[in-house]
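Q: Please give me a close look at a single part of this model, following its side-chain contacts step by step and then setting them in the context of the chain. I would like a connected account rather than a list.

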Amino acid sequence: GGASTSIQHPHPQSEGLQLHSPRQPKASIPSENENNENNESQGSGDLELRGFLLDYGSHIKELRTENARDNFLIPLILRRLMEHRSNRGIFNFPVDHVALRLTTYLDIVKTPMDLGTVKRRLEAGMYENIDGFAKDVRLTFENALLFNPEGHFVWKAARKILKTFEEEYKNLLKLEHETTENALKHFCDKCKGMQCAICQRRCLEYQSAKLRCSSPCNLKINRNATYYRLGGDRGQHW
C-alpha cells in the first residue's frame, strides 16, 4: 500500500510525433498589383496636395483681384479719365487703324490699348493689383504719344490726361500706404498683433455690404443715397 508508482509519459518522438519551433514570419514581397495600388495611392496624395496648393494660390489671387476691383477710387479715376474734357472719346475705344487708314499703326504700336478695354478688364476682375490697372492706363496714352507727332491734338490730349492720371494715382498710392501702415500698427486683445497669412492684415474694421450701381459705371452707391430698382435682374441704379 505504501509503495509509490511512477507514471511514464511517452516521449513525443517515440510515438512518431514531431515538435516544431514557432514559425518566424517571412518577409512578404509585395505583388505587382500591391505595388500599383501603393503607387496609385501615393499619386492620389500628390494630386490632392497639388490641388490644394492650386486652390490656395487661386484663393489668394481672387482676394487680391477682389481688392483691386472693389477699391472704389479706381473706377472713379477711370471715369474721370474717360470723361476728361480733353478726351472727347478719343481714348475710350480701340483705334480703328483700318478706317483711319493708319497703315503703319501696328508697326509702331506693338500693344494697342484703350480705356474701354481697361474698364472691361477691371469689371471682369482681371487685375490682381492696382499696378496692373495703372500699367494699362499708361499704355493707352503712351501709345498715343508714340504714334502721333509732338504738337498734334491727340498728342497734346494724351499728355494732358496722362498727367492728370499720374496725380490721381499718386494720391491713390498714398492712401493705400496709409491704410497698410495703420493695419500693420494695429494691436488688440483679439489678434495679439498676429497677421493673416493670406491678406497680411490683422483685425479689419467692420464694413457693411456694398451696393453697386448696375449701370456701366459700377460705382458704389453711398449710404443713405437715393436710388431706384428695375424689375427682374436689371438691378439698381442711381
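A: The side chains of threonine 117 and aspartate 114 are joined by a polar contact of 2.7 Å, in what is a predicted model. Threonine 117 belongs to helix H4, which covers residues 115-123, and the side chain of this threonine also makes a polar contact, at 3.1 Å, with the side chain of arginine 120. With a relative accessible area of 16%, threonine 117 falls under the 20% limit and therefore counts as buried.

From helix H4 a salt bridge leads on to helix H5. Arginine 121 and aspartate 136 form this bridge, with 2.8 Å between their closest N and O atoms, and the pair links distant parts of the chain, since arginine 121 is in helix H4 and aspartate 136 in helix H5, 15 residues apart. The two partners differ in their exposure: arginine 121 is partly exposed at a relative accessible area of 28%, whereas aspartate 136 is buried at 9%.

Helix H5 itself deserves a closer description. Its 18 residues reach 26 Å from the first C-alpha to the last, which is close to the 26 Å expected at 1.5 Å a residue. At the start of H5, a side-chain oxygen of asparagine 129 comes to within 3.2 Å of the backbone nitrogen of aspartate 131. The buried residues of this helix include Ile130, Phe133, Ala134, Val137, Leu139 and Phe147, and the list also contains polar residues, among them Asp136, Thr140 and Asn143.

A second salt bridge involving helix H5 connects the side chains of glutamate 166 and arginine 138, with an N to O distance of 2.7 Å. Glutamate 166 lies in helix H6 and arginine 138 in helix H5, so this bridge ties together parts of the chain that are 28 residues apart in sequence. Here both partners are partly exposed, glutamate 166 at 30% relative accessibility and arginine 138 at 24%. These bridges are among the four salt bridges that a search of the whole structure finds. Another of the four joins the side chains of glutamate 83 and arginine 79 at 3.3 Å, N to O; glutamate 83 is exposed, with a relative accessible area of 57%, while arginine 79 is partly exposed at 36%.

Aromatic contacts also involve helix H5, and five aromatic pairs are found in the structure as a whole. In one of them, the ring centres of phenylalanine 91 and phenylalanine 141 lie 5.1 Å apart with their planes at 65°, so the pair is edge-to-face. Phenylalanine 141 sits in helix H5 (residues 130-147), but phenylalanine 91 is in the loop between helix H2 (73-82) and helix H3 (105-108), 50 residues away, and the pair thus links distant parts of the chain. Both rings belong to buried residues, phenylalanine 91 having a relative accessible area of 5% and phenylalanine 141 one of 0%.

A further aromatic pair, formed by phenylalanine 165 and tyrosine 169, is stacked, with 5.5 Å from centre to centre and 20° between the planes. The two residues are four apart in helix H6 (residues 153-185), and are therefore separated by about one helical turn. Both phenylalanine 165 and tyrosine 169 are buried, and they join Tyr127 and Phe133 in one aromatic cluster, in which Phe133 is one of the buried residues of H5.

The loop that holds phenylalanine 91 also holds two residues with an unusual backbone angle. As background, most residues other than glycine have a negative phi. Arginine 88, although not a glycine, has a positive phi of about 55°, and arginine 101, likewise not a glycine, has a positive phi of about 60°. Arginine 88 lies in the loop between H2 and H3, as does arginine 101. In contrast to the buried phenylalanine 91, arginine 88 is exposed at 64% relative accessibility, and arginine 101 is exposed at 73%.

Seen against the whole, the protein chain has six helices and two strands, which run α-α-α-α-α-α-β-β from the N terminus on. Of its 238 residues, 24% are buried, and the chain exposes about 18,300 Å², of which carbon and sulfur atoms supply 52%. Among contacts between residues at least 6 apart in sequence, 54% join residues at least 24 apart.

Terms used: Residues numbered from 1 in each chain as written. Predicted model: local features only at pLDDT ≥ 70, side-chain atom pairs only at ≥ 80, totals over all residues. Heavy atoms only, no water. Phe/Tyr/Trp six-rings, centres within 6.5 Å; stacked < 30°, edge-to-face > 60°. Buried < 20%, exposed > 50% of the residue type's maximum accessible area, 1.4 Å probe, protein only. Contact = heavy atoms within 4.5 Å. Areas by Shrake-Rupley, 256 points an atom, 1.4 Å probe, with all protein chains shown as cover. Expected span 1.5 Å × (residues − 1). Polar contact = N/O pair within 3.5 Å; in protein donor to acceptor, adjacent residues only side chain to side chain.
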